[in-house]
Amino acid sequence: QTLRYLDGAIPKEELVRTFSLDESGSRVVYQDNPAYPACRQNETGFPDYEGLPLDKYISVMEMANPMHKLWSDSRWNKLTLAHGCYWGKCAFCDGSLDYIKRYEPNTAKTLVDRMERLIEQTGEIGFHFVDEAAPPALLREMAQEIIRRGITVVWWGNIRFEKSYTEELCDLLQRSGCIAVSGGLEVASPRLLKLINKGVTVAQVARVANNFTGAGIMVHAYLMYGFPTQTAQETIDSLETVRQMFELGLIQSGFWHRFAMTAHSPVGLHPAEYSCRVTEPPFGGFARNDVQFEALSGCDPELFSEGLRVSLYNYMNGTGFDLPLHKWFGGMKVPRTTLPPNYIERIVEE
């Protein structure tokens, strides 16, 4: 529809889910046309690599992080399991936007049909599913379809650490070609996981990560620090949780992301509910993503950035587990962890 409008074939009133300037050029307006509903997932296109010299692309290894290496070292056919996120409730995520809030899964048959077509076109059997979070039920159906057809593929993607990822399901996914998953442990704190409405607990993440690892599937953890109200004690306890999970081999890769407020997330839309306030002037442009804010309670996350980064680098390389946590932060005084040294081990053994 956008191309047809630019060609002068239709008026602006027929545009679909489009922001544009009004006639005065001073106000942004939203235009939608219910006569053109969103395409169903089984009708949408998927990547077409025809004509690209795929054998001439170089392989780039950007760093020692196992998951980052997986992203960059060799190429992957990209596919989407579903439109949107089946959870869509995390406080830090832009869940009000169409590409996240409108959830519609594909069918296993359609997905495996597309995989076979891409293998035929590219000669590559590796697939990266780029969803916000892969639906567990659909992954089960897809794995069964891959095994039923007897095709050989390797694949990986983002998940949520759902209880439905049992030992049996993780084994099935591995037999279908799954080699790695990435998921959000985020703040690794019971109170904060509840506050951000993540829908998982630390114990749940530990058990699910153990199931994946036990099946021979690499686990990468997205980690977050600096969420409004997060205290120094919670930051240190989160680090101790991560240390124990690496030491036990439940996760093999991770990365600490500093929290950023975005305009269409629950935190960005209702900052007062998360004890913070927006510090930038009213927005007058066309589009924005990050929002400048001030947390009204909690610690200064900048003080912990380097220590979290260095400690995680060591844990990923199998070292530093015996070093007291405060040693990672130079001369800065930090609280001692309140977690017992067998906190995660007890959870997994239960």
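# Salt bridges and helix α11

A search of the whole structure finds 20 salt bridges. The model is predicted. Three of the pairs are set out below, then one network, then helix α11. Side chains of opposite charge can pair when their charged atoms come close.

**Glu-186 with Lys-198**

- Glu-186 and Lys-198 form a salt bridge, with the closest N and O atoms 3.0 Å apart.
- Glu-186 sits in strand β8 (residues 178-186), while Lys-198 sits in the loop between α7 (190-195) and α8 (202-214), so the pair ties together parts that are 12 residues apart in sequence.
- Glu-186 and Lys-198 are both buried.

**Glu-234 with Arg-191**

- A salt bridge joins the side chains of Glu-234 and Arg-191, at 2.6 Å from N to O.
- Glu-234 belongs to helix α9 (residues 232-247) and Arg-191 to helix α7, so this contact ties together parts that are 43 residues apart in sequence.
- Glu-234 counts as buried because its relative accessibility is 14%, and the cut-off for buried is under 20%.
- Arg-191 has 38% relative accessibility, so Arg-191 counts as partly exposed.

**Arg-309 with Glu-306**

- The side chains of Arg-309 and Glu-306 form a salt bridge, 2.6 Å from N to O.
- Helix α11 (residues 305-316) holds both Arg-309 and Glu-306. They are three residues apart, about one turn of the helix.
- Glu-306 counts as partly exposed because its relative accessibility is 44%.

**A shared network**

- Salt bridges with shared partners link Lys-109, Asp-113, Glu-116, Glu-145, Arg-148 and Arg-149 into one network.

**Helix α11: length and end**

- Helix α11 has 12 residues, so at 1.5 Å a residue the expected span is 16 Å.
- The end C-alpha atoms of α11 are 17 Å apart, which agrees with that expected span.
- Gly-318 follows α11 and has a positive phi, near 75 degrees.

**Helix α11: buried side**

- Which residues of α11 are buried? They are Ser-305, Gly-307, Leu-308, Ser-311, Leu-312, Tyr-315 and Met-316.
- These buried residues cover an arc of only 165 degrees around the axis, so they lie on the same side of α11.
- What covers the buried residues of α11? The cover includes α2 (66-72), β9 (218-225), α9 and β10 (253-258).
- Helix α9 thus has two entries here: α9 holds Glu-234, and α9 is among the elements that cover the buried residues of α11.

How values were computed: Residues numbered from 1 in each chain as written. Predicted model: local features only at pLDDT ≥ 70, side-chain atom pairs only at ≥ 80, totals over all residues. Heavy atoms only, no water. Salt bridge = Lys/Arg side-chain N within 4 Å of Asp/Glu carboxyl O. Helix = DSSP H or I, 4+ residues; strand = E, 2+ residues; numbered from the N terminus. Buried < 20%, exposed > 50% of the residue type's maximum accessible area, 1.4 Å probe, protein only. Expected span 1.5 Å × (residues − 1). Arc of directions from axis to C-beta. Contact = heavy atoms within 4.5 Å.
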